[in-house]
Amino acid sequence: MIPFKKHWCSHTIDDNPEILDLAAQAGAWYVYQAVFDTSDYIRERIKKYHDHGIGVEGTILLGMDNQTEDDILRLIDFLQEIDLDLAEFTVLTPFPHTKAYDDMLRDGRIIDNDWNNYNAGKVVFQPKHMTPTRLQELYHFAWDAFYKDESQEQKMFKLMMKVVEKEIELGTYKKPRTDLAEKSFGKAIER
């Protein structure tokens, strides 16, 4: 892929330094990395990506049965320490026809049957170590805490500018087509 001079994003890449180096040369600029604990493994993994010029968006699942309120608060603090470029928080959602749903239904832990609320942002089950209300509060707190100094849009802009800078450096940058702002589905827009 290196000769194509394309930039791409993906889910995790093997953290072997040789593979990360080749991925960076081949245009990897952004990965999604599950952040499931506060271990040195996660800390080092994020550092390795950054050392190779690869941005990282952490995907963080809240409300798992092994998480207490303190675990979630520690995880939120940890995210600031490891210098993630972006973070996306979701609440465990036991979607119908999954083992999680079947187990929670059997255990009487499903508290909401409105399928509109099964959206990974609303608590629809009874967590093991806290109230549903507290998990919902922690979900909102996680978003607010991570993006308190810079909005999600600002962090994404910074990440995109790194890509633009790389493309300028490589000579592959193309200015955006401003003529497309006046068209929709190939037809001129009347303003």
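The following conversation between a visitor and a guide walks through a predicted model, asking what stands behind the words used for its strands, pockets and residues.

Visitor: How do you know that strands S1 and S2 pair, and in which sense do they pair?

Guide: Two strands count as paired if at least two bridges are found between them. Strand S1, residues 8–11, and strand S2, residues 28–34, are joined over four bridges, in the parallel sense, so by that cut-off they are a pair. Among the facing residues, Cys9 stands opposite Tyr30 in S2, and His11 stands opposite Tyr32, also in S2.

Visitor: What makes the crossover from S1 to S2 right-handed or left-handed?

Guide: The answer depends on the direction of the path when the strands point away from the viewer, because a clockwise run from the first strand over the helix to the second is what right-handed means. Here the chain leaves S1, passes through helix H1, residues 17–25, and arrives at S2, and this β-α-β crossover is right-handed. A right-handed β-α-β unit is also made by S2, helix H2 (residues 40–51) and S3.

Visitor: How do you know that S3 pairs with S2, and which residue of S3 is the bridge partner of Gln33?

Guide: Five bridges link S2 and S3 in the parallel sense, and the pairing follows because at least two are required. The bridge partner of Gln33 in S3 is Gly58, while Tyr30 has Gly55 of S3 as its bridge partner.

Visitor: What joins S3 to S4?

Guide: Six bridges join these two strands, which run parallel. Gly58 takes part here too, with Ala87 as its bridge partner in S4. Between the two strands the chain crosses through H3, and this β-α-β crossover is right-handed.

Visitor: Which strands are called edge strands in the sheet?

Guide: The sheet is open and has four strands in the order S1-S2-S3-S4, with parallel pairing. S1 and strand S4, residues 86–91, are the edge strands, as each pairs on one side only. From one strand to the next, the twist averages 15 degrees.

Visitor: Why is strand S3 described as largely enclosed by the rest of the structure?

Guide: A residue is called buried when its relative accessible area is under 20%. Six of the eight residues of S3, which spans residues 55–62, are buried, and therefore the strand is largely enclosed by the rest of the structure. S2 is mostly covered, with five of its seven residues buried.

Visitor: Why is Arg43 called partly exposed?

Guide: The class of partly exposed lies between the limit of under 20% for buried and the limit of over 50% for exposed. Arg43 has a relative accessibility of 29%, so it counts as partly exposed. This residue is found in helix H2, and its C-alpha is 5.9 Å from that of Ile82, although the two are 39 residues apart in sequence.

Visitor: Is Leu180 buried, exposed or partly exposed, and where is its place?

Guide: Leu180 has a relative accessible area of 45%, and because this value falls between the two limits, Leu180 is partly exposed. Its place is in the loop between H6 and strand S5, residues 183–184. From C-alpha to C-alpha, Leu180 and His11 are 31 Å apart in space, with their positions 169 residues apart in sequence.

Visitor: What lines the largest pocket, and which helix supplies the largest share?

Guide: The largest pocket has a volume of about 210 Å³, and its lining includes Ile2, Lys5, His52 and Glu169. H1 and helix H6, residues 152–170, each supply at least two of the lining residues, and the largest share, three residues, comes from H6. By class, the lining divides into four nonpolar, four polar and four charged residues.

Visitor: What makes up the lining of the second largest pocket?

Guide: About 180 Å³ of space lies in this pocket, and Leu79, Asp83, Phe146 and Lys162 are among the residues that line it. The elements giving two or more residues to this lining are helix H3, residues 69–81, and H6, and the largest share, four residues, comes from H6. The lining has four nonpolar, one polar and six charged residues.

Methods:
Residues numbered from 1 in each chain as written. Predicted model: local features only at pLDDT ≥ 70, side-chain atom pairs only at ≥ 80, totals over all residues. Heavy atoms only, no water. 1 Å grid on protein atoms, 1.4 Å probe; cavity = no way out; pocket = protein on both sides within 12 Å on 5 of 7 lines; lining within 4 Å. Points joined across faces, edges and corners; volume = space filled by probe spheres on them. Nonpolar A, V, L, I, M, F, W, Y, C, P; charged D, E, K, R; others polar. Axes fitted to C-alpha atoms, helices over the stretch in contact; angles between N-to-C directions. Buried < 20%, exposed > 50% of the residue type's maximum accessible area, 1.4 Å probe, protein only.
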